[in-house]
Every structure is written in structure tokens, then in C-alpha cells.
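Hi there,

Here is the structure I promised to pass on. Have a look at it first, and then read my notes below.

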Amino acid sequence: MQKYIGGIEGFLEQDAAKESAFWADYQVLGPMFAALRMFMTMDDVLTVIVGAKGCAYHLNFTIVAWGEIDFFLGKRPLPVLEYRQQQIALGDFTPPEDWLRRMKKLCGVYRARRIVLLPTDALLLCGADLAGVAGEIQKFTGIQTEALEIAGMSSPNQWAGYDAALEALYRPYLGKSYRHEKSVNLVGWMWPSRHRGHEIGCCIDMLKELQIPVNAVISGGSSLADIEKSMHAGANALVCSSVMGNLLQRLDEEGIRLAGPRAPYGFSGTREWLTSIADVLELPVYDGIDAMEKRYRDLFEKNREQLSGKKVFVSGGPGRLIGLLHTLADYGMDIQAAAMFWPHAWSQEDIRHMLRDHGVKMKEFILSPGLDDLERVACQYDVDVWLGGYQEQHTCKRHGIPFVPITVYTVPHVGFEGAVNLGNKLLLAMSGYSFTESQFIAREVEGVICPSNDSNQ
């Protein structure tokens with residue numbers, strides 16, 4: 001499967017998307033970025049970029065600018081092991097002793113239990129002995145060290161980084177026997193925050209109200225001990241289905257059932273997610289789901305009266321796009337076109353689910369969009385409001401289209417409350433509100449929470 005532009009049904013007839021390379025030239029940061037997001041936000045894992053400093057600077061800036069304040073990331077180290085051209089030409093990849101000493105000191109300061117090496121493309125292309133480098137670092141520091149051959153550019157797409165990172169985290173525990181309990185892991189959250197006003201807090205709160213225990217959050221803000229503890233859960237549920245992959249299917253076979261394979265967006269998607277978790281854990285909480293939905297129903301219907309029939313463009317990764325389609329379909333909006341930044345191997349089944357079970361329709365579907373595609377969509381279609389990546393604000397400004405960013409925000413877009421929040425944002429944008437204070441800073445609005453009667457909030 002290559003870049004695709006056409007009808008949504010035609011996308012489902014394409015070859016499988018597992019091995020092809022996809023890049024949205026304005027959005028995708030690559031597989032190394034994906035893996036780094038999984039590791040860098042953990043408590044006791046140190047990630048090392050092996051290669052050019054410039055690559056590390058770019059990745060570190062992107063992650064820190066995104067989550068340092070908004071999602072409580074704070075200051076995190078990102079060491080670089082850089083080689084001179086002469087060393088690469090001679091095949092001399094022995095880490096300098098002074099670098100090893102500094103690395104050992106850093107491991108002590110941050111109480112690291114694992115070191116992960118992420119090589120740049122240059123190191124992979126020159127045939128560097130990364131396993132040997134990892135061995136030298138492990139011998140000197142006494143910390144388990146491994147290299148992941150997930151490059152910044154040359155791997156198939158961003159999903160390859162998520163898949164490799166999850167597999168590396170769980171590899172020590174696979175094939176062992178664990179007693180599984182009626183609890184769920186929330187997989188795909190990349191930040192330390194557990195704040196109620198963020199999406200992870202919304203998901204935890206929904207499950208708490210239904211008395212469904214959360215075992216662990218994978219992987220942001222967690223430790224290697226949490227990863228091992230998560231092996232006792234009875235289910236995995238995704239809060240970001242971009243990380244859906246082989247590892248979760250393997251864990252399903254080992255007794256941690258895959259529930260909620262798509263993130264809980266919209267009323268329909270949230271109900272599917274909660275019901276799937278309840279079904280897998282055999283917990284009779286369906287009345288509680290009904291009661292939770294009912295608290296937000298009036299607000300949702302009020303928004304729906306104004307949004308139904310409005311023409312919309314939407315873009316997102318393989319997880320977020322599916323979720324947003326749930327929300328837009330629930331509101332009865334007229335989807336002119338949709339774009340998926342990059343696919344994973346389950347994207348076609350997710351799209352098929354939306355067509356078959358939720359009646360989603362659109363005039364055009366774009367896989368791996370470029371800036372030229374956005375410009376064409378803005379010219380070709382009559383769009384009342386646009387949901388897309390933060391960089392898409394420029395296209396919208398040129399064409400006077402109301403814009404809602406879906407990659408830079410803090411209030412929940414998931415859960416029943418998230419459906420209301422998104423509806424409020426769509427209406428605000430169409431009334432003239434700007435969600436972009438500048439090219440780098442979003443103007444967020446306050447989210448809606450309708451607590452249950454027995455809540456202490």
C-alpha cells in the first residue's frame with residue numbers, strides 16, 4: 001500500500017499497510033520519536049541517542065515543548081553518544097571512557113534500571129555494532145542496556161517505534177505464568193500526568209466510577225516495576241490506539257485480553273470502549289455506563305442540534321482519526337474529507353468498523369497527506385470547520401476556515417465529556433474563536449465535567 005487518495009471504500013481494497021513507508025510531510029516525526037515518547041516519560045529508563053546531536057536536539061525540543069508543563073513532564077535528560085567521521089570510517093564504536101563515567105553518574109542520579117539506545121540512520125547504514133556498544137555500556141554502568149534498531153527516518157512509519165518500544169519493555173516477562181485479576185491496563189498514554197483534567201484522568205475516573213480497577217498506565221509516568229505489575233491485569237485497553245500492535249496480541253494470548261482496541265471517543269466510541277472492558281472482565285456495570293452517559297446527554301444533544309449537517313474536514317493519526325470519526329458521526333456532521341497521517345496494520349479494519357457499524361461516509365479519504373493535499377482540500381470543498389494537526393492552522397488561516405487543533409490541547413477529547421468538549425470547540429471555532437494564540441501556543445478552553453451524585457469532586 002502506498003499513499004492513497006480516493007473513496008474510503010477503495011482504501012479498504014488496498015494491499016496491507018504493514019511494511020510500507022508513509023510520511024505526512026508536515027506532521028510525522030518518525031519511528032525514533034515514537035519510541036522515545038514511550039521511554040523518555042518513564043521513571044527509571046534512560047534513552048540514549050546514538051548519532052548526531054542535531055537529531056537529539058530536535059526530538060528533545062519537540063517532546064519537551066509539548067509536555068514539559070502541560071502534562072507534567074518536567075526536565076528529563078536525553079544523553080547523546082556521538083561519533084566522529086573518522087571513527088565511523090574505521091568502525092571504531094567503543095564509547096569513550098569519560099562518556100561512560102558521566103553516563104554511570106547520570107544513572108545513579110535518576111536511579112535508572114534500564115538504558116535504551118536509539119541509533120540514527122547514519123549509524124544503522126554504516127553497520128555499527130550496536131549490540132557491542134550496548135554491551136560496553138552495560139559492563140561499565142551495571143545497568144541492563146539494549147539497542148533498538150528504530151531509526152529516525154528509514155523505518156516504515158511511526159508505528160514501528162511504538163511496536164518496538166512496547167516489545168522491548170515486555171520482553172523480560174513474556175512466556176511466564178501470571179495470575180490475572182479483574183483489572184485493566186490503560187495503554188498508550190505517553191505523559192507522567194494523571195490529572196483529572198487530562199485525558200488519562202478522564203479514563204481513570206470513568207473506570208473508577210464503574211468500580212473497574214486500573215492496574216497500570218503504560219508507559220508515561222510508570223516504572224519497570226509497573227510494567228511487570230501490569231502482567232497481572234485481566235485486560236489491556238487503549239487510550240491511544242496508535243500503539244495497537246503485535247505485542248498486545250501476544251499479551252492477549254497470554255491471558256491479558258485486548259479490550260477497548262479503539263480509544264473512547266464520542267458517545268458511541270466511549271460506550272464501545274467501556275462495554276468491551278466490562279465484557280472481558282465479566283463485570284456487570286452496564287447500568288453504570290447508562291447513568292454516566294445520561295449525565296452528558298442533554299449537553300451533547302444541544303450541541304448536536306447546531307452541528308448536525310455542518311461540513312467538516314478531519315485529520316489525525318491511526319488512533320485519533322478513528323476516534324474523531326466517532327465523534328463527528330455522533331453529531332451527524334457531513335464529513336467532506338478525512339486524512340490519516342500514517343497507518344498501522346489494523347487501520348483498514350478500524351475504518352471498516354466505522355463504515356459497517358457507524359455508517360460513516362465521506363467524499364474523499366487521504367492516506368499520508370502532504371501540504372499540497374491540504375491546500376487542494378481547502379480549495380475544492382466547502383468546509384464549515386476543520387479539525388487537524390496544529391500545522392494545519394496555516395491552511396485554514398489562508399482560506400478563512402474555522403480551525404480546531406487535535407494534536408495540541410489539554411482538556412479531554414475522550415469519554416462522554418470529551419464528546420461535549422469537542423462539540424463546544426467546534427461551535428466556538430465557527431463563532432470566531434481562535435484556538436491558536438501563536439504558531440507555538442494554543443488557546444485552550446475549560447473542559448466540562450458532570451460528576452456523579454456520589455462523587456467527591
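A nonpolar core, as I use the term here, is a set of buried Ala, Val, Leu, Ile, Met, Phe, Trp, Tyr and Cys residues joined through side-chain atoms within 4.5 Å. Please keep in mind that this is a predicted model.

**The cores**

With that meaning, the largest nonpolar core has 71 residues, and Trp-273, Phe-365 and Leu-387 have the most contacts inside it. A second core, separate from that one, has 44 residues, including Met-38, Tyr-162, Leu-174 and Leu-224. If you want a residue to click on, try Leu-387: leaving aside residues up to four places away in sequence, Leu-387 touches Val-312, Phe-313, Val-314, Ser-315, Leu-324, Leu-328, Glu-392, Val-404, Ile-406, Leu-422 and Leu-426.

**Helix 16**

Next, a helix with two faces. Asp-373, Leu-374, Val-377 and Ala-378 are buried in helix 16. These residues sit on the same side of helix 16, because they cover an arc of only 135° around the axis. Turned away from that buried side is a face that carries the exposed residues Asp-372 and Cys-379. What do the buried residues of helix 16 pack against? Their neighbours are strand 1 (4-6), strand 10 (311-316), strand 11 (334-340), strand 12, strand 13 (385-388) and helix 17 (393-399).

**Salt bridges**

I found 25 salt bridges in the structure. Here are a few to look at:

- Glu-417 pairs with Arg-196, with 2.6 Å between the closest N and O atoms. This pair links distant parts of the chain, 221 residues apart: Glu-417 is in helix 18 (residues 415-430), and Arg-196 is in the loop between strand 6 (184-189) and helix 9 (199-209). Glu-417 is buried, at a relative accessible area of 4%.
- Arg-376 pairs with Glu-364, the closest N and O atoms being 2.4 Å apart. Arg-376 belongs to helix 16 (residues 371-380) and Glu-364 to strand 12 (residues 364-367), 12 residues apart. Arg-376 is partly exposed at 26% relative accessibility, whereas Glu-364 is buried at 6%.
- Glu-349 meets Arg-352 at 3.2 Å, N to O. Both lie in helix 15 (residues 347-358), 3 residues apart, or about one turn of the helix. An α-helix has 3.6 residues a turn, so residues three or four places apart point the same way. Glu-349 is partly exposed, with a relative accessible area of 36%, and Arg-352 is also partly exposed, at 31%.

**Cysteines**

How many disulfides are there? The count comes to 0. Two cysteines you may want to find are Cys-379, which is exposed with a relative accessible area of 55%, and Cys-240, which is partly exposed at 24%.

**An open sheet**

Finally, 4 strands form an open sheet with parallel pairing, in the order 3-2-4-5. Strand 3 (80-81) and strand 5 (144-147) are at the edges, each with a single partner strand, so one side of each has no neighbour in the sheet. Strand 2 (residues 45-50) and strand 4 (residues 114-119) pair in the parallel sense over 6 bridges. To locate this pairing on screen, look for Thr-47, whose bridge partner in strand 4 is Val-116.

Best wishes, and happy browsing!

Definitions and conventions:
Residues are numbered from 1 along each chain as its sequence is written. This is a predicted model: local features need pLDDT of at least 70, side-chain atom pairs count only at pLDDT 80 or more; totals for chains, interfaces and linings use all residues. Side-chain values use heavy atoms; hydrogens and water are left out. A salt bridge is a side-chain nitrogen of Lys or Arg within 4 Å of a carboxyl oxygen of Asp or Glu. Buried means under 20% relative accessible area, exposed over 50%, partly exposed in between (1.4 Å probe, protein chains only). The arc is that of the directions from the helix axis to the C-beta atoms. Contact means heavy atoms within 4.5 Å. A disulfide is a pair of cysteine sulfur atoms within 2.5 Å. Two strands pair if DSSP finds at least two bridges between them.
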